[in-house]
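User: Please take one part of this model and go through it closely. Then show how its surroundings and the charged pairs fit around that part.

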Amino acid sequence: MEVEVKLRLLGSTAHQHLSDLLSTYHLRTHLQDNVFFDGSRSELSSRFAILRLRFYDDDARCVASLKAKARLSSGISRVEEDEEDLDPVAARSFISDPSKRKLLDSSRIMKRVYHEFGSEMVLVCLGGFRNVRAVYGWREGLVLELDETHYDFGTCYEIECETNEPEKAKELLERFLTENDVQYKYSENSKFAVFRAGKFLD
């Protein structure tokens, strides 16, 4: 189970202000390309599952992710997640033609997808979005991820923190944002939900 605090930043000014505040904690920045799949008969989405391939830094790395039973409430997200590194070249080829299942035959997650959602299922590429993620080693051992997410219809900004103590982390983060006049609100929808809606939902 992945548990994260997710807070939506209210515009580019808030994002830049927070980036400046966190600059001394900066660890690294990733350029992410997120691509999603579903069955041609909505086999995954009808069961509230998401299959994503995430490429890092010009295809230096690719991670497959299968998510299910996502819940997002009061700025805290909980989701069942299974991840696996894949060969980026094979993964890119799979995006071009998902019918060529043999491209990812060795993938544990892909085997699981076909086992759980139908061995004859035909996967289709839904497209995706790009994200710039700055990672910070913050207070009390918390790692913050500051996102600038680019959709075809606009850009949004979010701060995330994966933690086993979400209420405590949320309290610390909210206090920091409030004290420094960073405008925010609780995230109400996942990035995938926004992408599928084709518009901002909150």
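Analyst:
**A helix and its charged surroundings**

Just after α4, D181 takes a positive phi of about 55 degrees. The model is predicted, so local features need pLDDT of at least 70 and side-chain atom pairs count only at pLDDT 80 or more, while totals for chains, interfaces and linings use all residues. Residues are numbered from 1 along each chain as its sequence is written, and side-chain values use heavy atoms, with hydrogens and water left out.

Start with the helix itself. Helix α4 covers residues 166-179, which is 14 residues. Helices here are DSSP runs of H or I with at least four residues; strands are runs of E with at least two, and both are numbered from the N terminus. From its first C-alpha to its last, α4 reaches 20 Å, close to the 20 Å expected at 1.5 Å a residue. That expected span is 1.5 Å times one less than the number of residues.

Next, the buried side of the account. P166, A169, K170, L172, L173, E174, F176 and L177 of α4 are buried. Buried means under 20% relative accessible area, exposed means over 50%, and partly exposed lies in between (1.4 Å probe, protein chains only). The cover over these residues includes strands β1 (2-9), β5 (76-86), β7 (143-151), β8 (154-162) and β9 (184-186), along with helix α1 (12-21). Contact means heavy atoms within 4.5 Å.

Now the charges. A salt bridge is a side-chain nitrogen of Lys or Arg within 4 Å of a carboxyl oxygen of Asp or Glu. By this rule the count comes to 21 salt bridges. One sits inside α4: R175 pairs with E171, with the closest N and O atoms 3.1 Å apart. The two residues are four apart in the helix, about one turn. R175 is partly exposed at 38% relative accessible area. E171 is partly exposed too, at 48%.

Another pair leaves the helix. K168 meets E140 in a salt bridge (3.4 Å, N to O). K168 belongs to α4 and E140 to the loop between β6 and β7, so the pair links distant parts of the chain, 28 residues apart. E140 counts as exposed at 57% relative accessibility, whereas K168 counts as partly exposed at 41%.

Away from the helix, E2 and K67 form a salt bridge (4.0 Å, N to O). E2 lies in strand β1 and K67 in strand β4 (residues 61-73), so this pair ties together parts 65 residues apart in sequence. Both E2 and K67 are buried. A wider network of salt bridges links E4, K6, R133, E145, D147, E158, E160 and K191.

D147 has a further partner. Its side chain makes a polar contact with the side chain of N131 (3.2 Å). A polar contact is a pair of N or O atoms within 3.5 Å; within protein, one must be able to donate a hydrogen and the other to accept it, and residues adjacent in sequence count only if both atoms are side-chain atoms. N131 sits in strand β6 (residues 123-137). N131 is buried, with a relative accessible area of 2%. Leaving aside neighbours within four places in sequence, N131 is in contact with H30, L31, Q32, N34, D147, E148, T149 and K191.
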